[in-house]
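Q: I should like a close look at a single part of this protein, set in the context of its surroundings. Please treat the matter in one connected account.

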Amino acid sequence: MIRAVLFDLDGVVRHFLHDPDLEARHGLPAGMIAHIAFASPLIDAVTTGNLTREEWMVRVGEAAGSAAAAREWGRTPFAADPDVLALVDELRSHGMMCAILTNGTDTIAEELHDSGIAAHFDRVFNSADIGYAKPDVQAFRHVVADLAVAPEEVFFLDDSPGKLSGARTLGMTTHHYTGVSALRTALDAAGVPVPTAPKPSRRP
């Protein structure tokens with residue numbers, strides 16, 4: 001029986017509102033900042049707590065040749081997905097534990113508190129605090145130990161299929177997230193008590 005639903009954060013619960021013209025304004029090729037920021041070893045260091053977010057942005061700026069572009073990219077705003085948060089609230093109203101496991105930086109707790117996202121979840125697990133990033137099985141072991149559940153009692157979803165392997169190895173039910181509708185179907189198939197999303201009402 002599933003007792004906890006574990007959500008990925010970025011690309012699922014929240015979405016960044018990237019400016020497609022950012023690099024052009026700084027005389028850089030399109031996509032350059034993200035390419036540098038998410039490449040190893042930088043991304044591995046910041047998501048396991050070996051670099052602060054501030055240090056990460058400094059190094060990205062150095063590699064790109066533009067500290068200003070990196071700083072601006074680092075301030076990219078984000079918005080929570082209201083449909084996902086509504087589903088989380090439904091799940092919790094049925095007694096289901098809901099938590100986040102993110103490959104994040106040392107500022108995640110502040111970001112999620114200030115945005116109100118954290119209030120929708122029982123727990124937020126951040127790789128920068130744990131010291132292991134998805135898909136490392138150690139990250140998932142940390143989660144089940146903290147929640148006091150068996151791996152078989154956890155349903156984990158992530159928008160990146162490659163991040164599912166550690167959870168699957170441990171015995172969790174996994175789902176490649178592509179949208180709320182498909183997630184509801186997968187939860188129902190796993191025996192999670194969540195009602196089908198209501199159809200929009202038609203006006204006469």
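Leaving aside its neighbours within four places in sequence, with which residues is His175 in contact?

A: The model is predicted, and what follows should be read in that light. His175 belongs to strand β7, which covers residues 173-176. Its contacts beyond the four nearest places in sequence are Phe155, Phe156, Leu157, Asp158, Leu164, Ala182, Leu183 and Ala186. His175 counts as buried because its relative accessibility is 12%, and the cut-off for that class is under 20%.

One of these contacts, Asp158, leads on to a salt bridge. The side chain of Asp158 meets that of Lys134, with 2.9 Å from N to O. Asp158 is in strand β6 and Lys134 is in the loop between α8 and α9, so that the pair links distant parts of the chain, 24 residues apart. Both Asp158 and Lys134 are buried. Lys134 is also joined to Pro135 by a cis peptide bond, with omega about 10 degrees. Pro135 is found in the loop between α8 (127-130) and α9. A second cis peptide bond runs from Ser40 to Pro41, with omega near 5 degrees; Pro41 lies in the loop between α2 (32-37) and α3 (42-47).

Helix α9, which follows the loop of Pro135, spans residues 137-147 and includes Leu147. Leu147 is counted as buried because its relative accessibility is 12%. Apart from neighbours within four places in sequence, Leu147 is in contact with Ala4, Met97, Arg123 and Phe125. Gly27, by comparison, is 120 residues from Leu147 in sequence and 47 Å from it in space, C-alpha to C-alpha.

Ala148 is found in the loop between α9 and β6 (154-158). Ala148 is exposed because its relative accessible area is 58%. Its phi is near 60 degrees, a positive value in a residue other than glycine.

Glu153 also takes part in a salt bridge: its side chain meets that of Arg3 at 3.4 Å, N to O. Because Glu153 lies in the loop between α9 and β6, and Arg3 in the segment before β1 (4-7), the pair ties together parts that are 150 residues apart in sequence. Arg3 is classed as partly exposed because its relative accessible area is 34%.

Turning to helix α11, a further salt bridge pairs the side chains of Glu90 and Arg184 at 2.9 Å, N to O. This pair, too, links distant parts of the chain: Glu90 is in helix α6 (residues 82-93) and Arg184 in helix α11 (residues 180-189), 94 residues apart. The two partners fall into separate classes, for Glu90 is partly exposed at 21% relative accessibility, whereas Arg184 is buried at 10%.

The structure holds 11 salt bridges. Among the residues involved, Asp10, Arg14, Arg53 and Glu111 are joined into one network by salt bridges that share partners.

A negative patch on the surface is formed by Glu54, Glu55, Asp106 and Asp129. Glu54 has its place in helix α4 (residues 53-64), and it is exposed because its relative accessible area is 64%.

To return to the part requested, His175 in strand β7 is a buried residue whose contacts include Asp158, and Asp158 is in turn bridged to Lys134.

Methods:
Residues numbered from 1 in each chain as written. Predicted model: local features only at pLDDT ≥ 70, side-chain atom pairs only at ≥ 80, totals over all residues. Heavy atoms only, no water. Helix = DSSP H or I, 4+ residues; strand = E, 2+ residues; numbered from the N terminus. Buried < 20%, exposed > 50% of the residue type's maximum accessible area, 1.4 Å probe, protein only. Contact = heavy atoms within 4.5 Å. Patch = residues over 30% accessible without salt bridge, like charges linked within 9 Å, V, L, I, M, F, W, Y side chains within 5 Å. Areas by Shrake-Rupley, 256 points an atom, 1.4 Å probe, with all protein chains shown as cover. Salt bridge = Lys/Arg side-chain N within 4 Å of Asp/Glu carboxyl O. Lys, Arg positive; Asp, Glu negative; His and termini not counted. Charge placed at Lys NZ, Arg CZ, Asp CG, Glu CD.
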